[in-house]
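Here are some friendly notes to read beside the picture. Please keep the sequence and the model open, and look up each residue as you meet it.

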Amino acid sequence: MNTIPLASHNLSSVGLTWESILATVVYALLGVVLLMVFTWAVNKVFGLDLRRELLEDQNVGLGVALAGTAIAVAIIVSATITG
């Protein structure tokens, strides 16, 4: 089996540059921040305690809605990164 050490690869030869890696990290962090802001806004607008609703009351519908939002943010970040 032939193995090639990663250190011998040039990142720019596969289309990776420091700018693209930095942009990916920035967009990922932006996505996490947007998800946190959305969760905070849902708490304030609807007057819900999301922790109590999800853990104690086991509100499946709210869990599915938050999961859908997380997936939507991930799709938006992915589309932004790939162009």
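1. A definition comes first. Relative accessible area sorts residues into three groups: buried means under 20%, exposed means over 50%, and partly exposed is in between, using a 1.4 Å probe and protein chains only. Thr-69 is a good place to try this out: it counts as buried because its relative accessibility is 18%.

2. A word on what you are looking at. This is a predicted model, in which local features need pLDDT of at least 70 and side-chain atom pairs count only at pLDDT 80 or more, while totals for chains, interfaces and linings use all residues. Residues are numbered from 1 along each chain as its sequence is written, and side-chain values use heavy atoms, with hydrogens and water left out.

3. Now the overall plan. The chain has three helices and zero strands, in the order α-α-α from the N terminus. Helices (H or I, at least four residues) and strands (E, at least two) are DSSP runs, numbered from the N terminus. Of the 83 residues in the chain, 11% are buried. The exposed area is about 6700 Å², and carbon and sulfur atoms supply 70% of it. Such areas come from the Shrake-Rupley method with a 1.4 Å probe; for residues, only the protein chains shown count as cover.

4. Next, what the record adds. An unreviewed UniProt entry places the feature "transmembrane region" at residues 20-42 and 62-81. UniProt positions are given in the numbering used here, with shortened feature names, and annotations may be inferred rather than shown by experiment. In the model, residues 20-42 are 100% helix, with end C-alpha atoms 33 Å apart. Residues 62-81 are also 100% helix, and their end C-alpha atoms lie 29 Å apart.

5. Helix α1 allows a simple check. What span should the 29 residues of helix α1 have at 1.5 Å a residue? The expected span is 1.5 Å times one less than the number of residues, so residues 18-46 should span 42 Å, and the end C-alpha atoms are indeed 42 Å apart. After α1 comes Gly-47, with a positive phi near 65°.

6. Thr-39 is found in helix α1. Thr-39 counts as partly exposed, because its relative accessibility is 25%. Its C-alpha atom is separated by 8.2 Å from that of Leu-50, eleven residues apart along the chain.

7. Back to Thr-69, which is placed in helix α3 (residues 60-82). Which residues is Thr-69 in contact with, leaving aside neighbours within four places in sequence? They are Leu-35 and Phe-38. Contact here means heavy atoms within 4.5 Å.

8. Look at the surface too. Tyr-27, Leu-30, Leu-34 and Ile-81 form a nonpolar patch with about 340 Å² of accessible area together. Patches are made of residues with over 30% relative accessible area and no salt bridge; like charges are joined within 9 Å, and nonpolar side chains (Val, Leu, Ile, Met, Phe, Trp, Tyr) within 5 Å. The largest share, three residues, comes from α1. One patch member, Leu-30, sits in helix α1 and is partly exposed at 44% relative accessibility. A general point helps here: an α-helix has 3.6 residues a turn, so residues three or four places apart point the same way.

9. Charged side chains deserve a stop as well. Side chains of opposite charge can pair when their charged atoms come close. A salt bridge is a side-chain nitrogen of Lys or Arg within 4 Å of a carboxyl oxygen of Asp or Glu. The structure holds two salt bridges. Arg-52 meets Glu-53 at 3.5 Å, N to O, and Arg-52 meets Asp-57 at 2.7 Å, N to O. Through shared partners, Arg-52, Glu-53 and Asp-57 join into one network. Are these residues buried or exposed? Glu-53 is buried, at 13%, whereas Arg-52 is partly exposed, at 32%, and Asp-57 is partly exposed, at 43%.

10. Last, the surroundings of Glu-53. Glu-53 is found in helix α2 (residues 50-56) and touches Leu-48, Gln-58, Asn-59 and Leu-62, not counting residues up to four places away in sequence. Gln-58 lies in the loop between α2 and α3. Gln-58 is exposed, with a relative accessible area of 59%. Its phi is near 50°, a positive value in a residue other than glycine.
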